[in-house]
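Here are my notes on the model you asked me to read. They go residue by residue, in numbered points.

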Amino acid sequence: MQINVYGTAIEAAYAAADLIAERLYISPNIVLGLATGGTMESLYHHLVERHRRTGLSFRFATTFNLDEYIGLAPAHPASYRATMQRLLFDHTDIDPQRTHLPDGMSMNPDQEAVQYEAKIAEAGGIDLQLLGIGRNGHIAFNEPGTSFSSQTHVVTLDRSTQAANARFFLEGEAVPERAITMGISPILASREILLVVTGAEKRTAFSEAFLGQVNPQCPASVLQLHPNVMIYADRAAAIDVTSLNMASPNVGFDKICSRIGADNV
Ligand code: GLP
């Protein structure tokens, strides 16, 4: 596991975007796992910029998003489909046929979850999975307590997750109670994982995930078991990890790279 720590959230997100761009140049037909959430906004902005400025092409890439709310039509501005269109898909040369999200309007969400996972398998699995982390340590919409062997499934969101995501909805509008999410098992099956964690409100989740034991109460802690995880964090989120590393440099991470100068960590 490699942890890259930056001074600001924007720097961390841009560096993560650069890594995705690099992978796209090397493997134009890459299968990307995509994520939503505020953390990803500047990352997608940077990818769009690179597409415009340098011609970075998404034409042959295939994408699978982690999750979608149940009951939100794709046109609803807070749906993850609309979010992805607005932030990335509409501004690049990606082939719309190759962009996938679970269908939150399916009459049979359980069946949709199974079919979604089958589509990922048909595409050959995920090469590079982009992940954020919830304040309670969730990854995708796998809330605390989710089994590490979970497949793609229907989930009831924690109140705290609904509250955290209310900012993407109109004032007074209800946040959906349920979602379809990739399970922890298919996330772990990705060949590489790129986790972006920024902001002081993620500090506790980040520390629990990577300084504590692997524990289903903190779903992100399962990433300790994956052989190929790269973390891009800002100082505010990573402060406990970087201070521990300075106190005892051999804390079990392959590498902690400070991109902000050792004096500032
Ligand atoms: C949602 C998404 C997660 C994301 C999390 C954090 O719950 N399902 O995939 O990691 O939000 O989002 P934010 O970056 O807004 O804190």
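1. Is Thr36 buried or exposed? This is a predicted model, and in it Thr36 has a relative accessibility of 16%. Thr36 counts as buried because that value is under 20%. Its place is the loop between strand S2 (31-34) and H2. Beyond its neighbours within four places in sequence, Thr36 is in contact with Asn65, Asp67, Tyr80, Thr83 and Met84. Its C-alpha atom is separated by 27 Å from that of Gln213, a residue 177 residues apart from Thr36 along the chain.

2. The annotated domain. The unreviewed UniProt entry places "domain: Glucosamine/galactosamine-6-phosphate isomerase" at residues 15-224. Over residues 15-224, helix makes up 34% of the chain and strand 15%. The C-alpha atoms at the two ends of this stretch are 22 Å apart.

3. The annotated active site. Under "active site", the unreviewed UniProt entry lists Asp67, Asn136, His138 and Glu143. From this set, Asp67, Asn136 and His138 are in the lining of the largest pocket. The listing itself comes from the record, whereas the pocket lining is computed from the model.

4. Asp67. This residue is part of strand S4 (residues 67-69). Asp67 is buried because its relative accessibility, 4%, is under 20%. Leaving out neighbours within four places in sequence, the contacts of Asp67 are Thr36, Tyr80, Leu101, Pro102, Ala140, Phe141, Ile180 and Thr181. Thr36 from point 1 is thus one of the contacts of Asp67, and Ala140, taken up in point 7, is another.

5. Asn136. The loop between strand S6 (128-131) and strand S7 (153-156) holds Asn136. The side chains of Asn136 and His138 are joined by a polar contact of 2.9 Å; UniProt lists both residues for the active site. Apart from residues up to four places away in sequence, Asn136 touches Glu143, Pro144, Asp158, Ser160, Thr161, Gln217 and Pro219. Glu143, one of these, is also on the UniProt list.

6. The ligand. There are 14 residues around the ligand, and Gly38, Thr39, Asp67, Arg167 and Lys202 come nearest. A polar side-chain atom of Thr39 is 2.4 Å from a ligand oxygen atom. For Ile133, a backbone N or O atom lies 3.3 Å from an oxygen atom of the ligand. Ala140 has a polar backbone atom 3.3 Å from a nitrogen atom of the ligand. Taken alone, the ligand exposes 390 Å², and 95% of that is buried by the protein.

7. Ala140. What is unusual about the backbone of Ala140? Ala140 is not a glycine, yet its phi is positive, at about 50°. Most residues other than glycine have a negative phi. Ala140 is located in the loop between S6 and S7. With a relative accessibility of 10%, Ala140 counts as buried.

8. Thr198. This residue sits in the loop between strand S9 (192-197) and H7. Its relative accessible area is 9%, so Thr198 is buried. Neighbours within four places in sequence aside, Thr198 is in contact with Ala9, Ala12, Thr39, Asp234 and Ala237. Thr39 is among the residues that come nearest to the ligand.

9. Val48. Helix H2 (residues 39-54) contains Val48. With a relative accessible area of 5%, Val48 is buried. Setting aside neighbours within four places in sequence, Val48 is in contact with Leu87, Leu88, His91 and Thr92. The C-alpha atoms of Val48 and Asp127 are separated by 20 Å, and the two residues are 79 residues apart along the chain.

10. Ser221. Where is Ser221 found? Ser221 is in the loop between helix H7 (203-211) and strand S10 (229-234). Its relative accessibility is 0%, so Ser221 counts as buried. The Ser221 side chain reaches the backbone nitrogen of Asn215 at 2.8 Å. Without its neighbours within four places in sequence, Ser221 has contacts with Phe148, Glu208, Ala209, Gln213, Val214 and Asn215.

Terms used: Residues are numbered from 1 along each chain as its sequence is written. This is a predicted model: local features need pLDDT of at least 70, side-chain atom pairs count only at pLDDT 80 or more; totals for chains, interfaces and linings use all residues. Side-chain values use heavy atoms; hydrogens and water are left out. UniProt positions are given in the numbering used here, feature names are shortened, and annotations may be inferred rather than shown by experiment. On a 1 Å grid over the protein atoms alone, a cavity is a set of points where a 1.4 Å probe fits but cannot get out, and a pocket is an open set with protein on both sides within 12 Å along at least five of seven lines; lining residues have an atom within 4 Å of a point. Helices (H or I, at least four residues) and strands (E, at least two) are DSSP runs, numbered from the N terminus. Buried means under 20% relative accessible area, exposed over 50%, partly exposed in between (1.4 Å probe, protein chains only). Contact means heavy atoms within 4.5 Å. A polar contact is a pair of N or O atoms within 3.5 Å; within protein, one must be able to donate a hydrogen and the other to accept it, and residues adjacent in sequence count only if both atoms are side-chain atoms. A residue is near a molecule or strand if one of its heavy atoms lies within 4 Å of it. Accessible areas come from the Shrake-Rupley method with a 1.4 Å probe; for residues, only the protein chains shown count as cover.
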